Amino acid sequence: MTNRTFTMIKPDAVEDGHIGAILNDINAAGFRIVAMKYTKLSAEQAGKFYEVHQERPFYGELVSFMSSGPIVAAILEKDHAVEDFRKLIGATNPANAEDGTIRKKFARSIGENAVHGSDSNENAAIEGSFFFSALEQF
Ligand code: CMP
């Protein structure tokens, strides 16, 4: 079934010059770009985006990192998009990610892990609409 997922190329991967290589991996894996923007989150916006994690010990660090520099936000479409994108990016901790995955190749650490990928169709829709209006999705 064709569905959508949401991703961000995080500040570490942007700073390290990996935008092009990551987009190339995303294209090569068969995802269609539905929406995309280069932007920077305020601490308040990053806090809101990650509010499901607000009780976690790493929440402050996560919000500070995600608002530390520009990101690329995108909505992607493919059959089984959520599941297949999580396979493409690999485990949250790059030390545990399989060879060839985006996090294995480009992430710095569990906190600075290069990319975000939605964990469900429901969250993909919520996260996509955080960044994009209906008029910005094609
Ligand atoms: P992401 O998939 O964007 O969703 C939540 C993020 O929290 C996750 O990627 C990591 O970047 C971050 N995260 C998860 N676990 C830890 C941790 N133990 N320490 C720091 N950051 C973490």
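**Exercise 1. Determine how far an oxygen atom of the ligand is from an N or O atom in the side chain of Asn 113, and place this pair in its surroundings.**

Step 1. The separation between a ligand oxygen and a side-chain N or O atom of Asn 113 is 3.3 Å. This is a predicted model in which local features need pLDDT of at least 70 and side-chain atom pairs count only at pLDDT 80 or more, while totals for chains, interfaces and linings use all residues. Residues are numbered from 1 along each chain as its sequence is written, and side-chain values use heavy atoms, with hydrogens and water left out.

Step 2. For Arg 103, a side-chain N or O atom is 3.4 Å from a ligand oxygen. For Lys 10, a polar side-chain atom lies 2.7 Å from an oxygen of the ligand.

Step 3. On its own the ligand has 460 Å² of accessible area (Shrake-Rupley method, 1.4 Å probe), and the protein covers 81% of that.

Step 4. Residues surrounding the ligand (a heavy atom within 4 Å of it) include Tyr 50, His 53, Phe 58, Glu 61 and Thr 92.

**Exercise 2. Decide whether Ala 73 is buried or exposed, and list what it touches.**

Step 1. Ala 73 belongs to strand S3, residues 71–79 (a strand is a DSSP run of E, at least two residues, numbered from the N terminus).

Step 2. Its relative accessibility is 0%, so Ala 73 is buried (under 20% relative accessible area, 1.4 Å probe, protein chains only).

Step 3. Beyond neighbours within four places in sequence, Ala 73 has contacts (heavy atoms within 4.5 Å) with residues including Phe 6, Met 8, Ala 35, Met 36 and Phe 131.

Step 4. The C-alpha atoms of Ala 73 and Thr 92 are 18 Å apart, with the two residues 19 positions apart along the chain.

Technical notes:
Helix = DSSP H or I, 4+ residues; strand = E, 2+ residues; numbered from the N terminus. Buried < 20%, exposed > 50% of the residue type's maximum accessible area, 1.4 Å probe, protein only. Polar contact = N/O pair within 3.5 Å; in protein donor to acceptor, adjacent residues only side chain to side chain.
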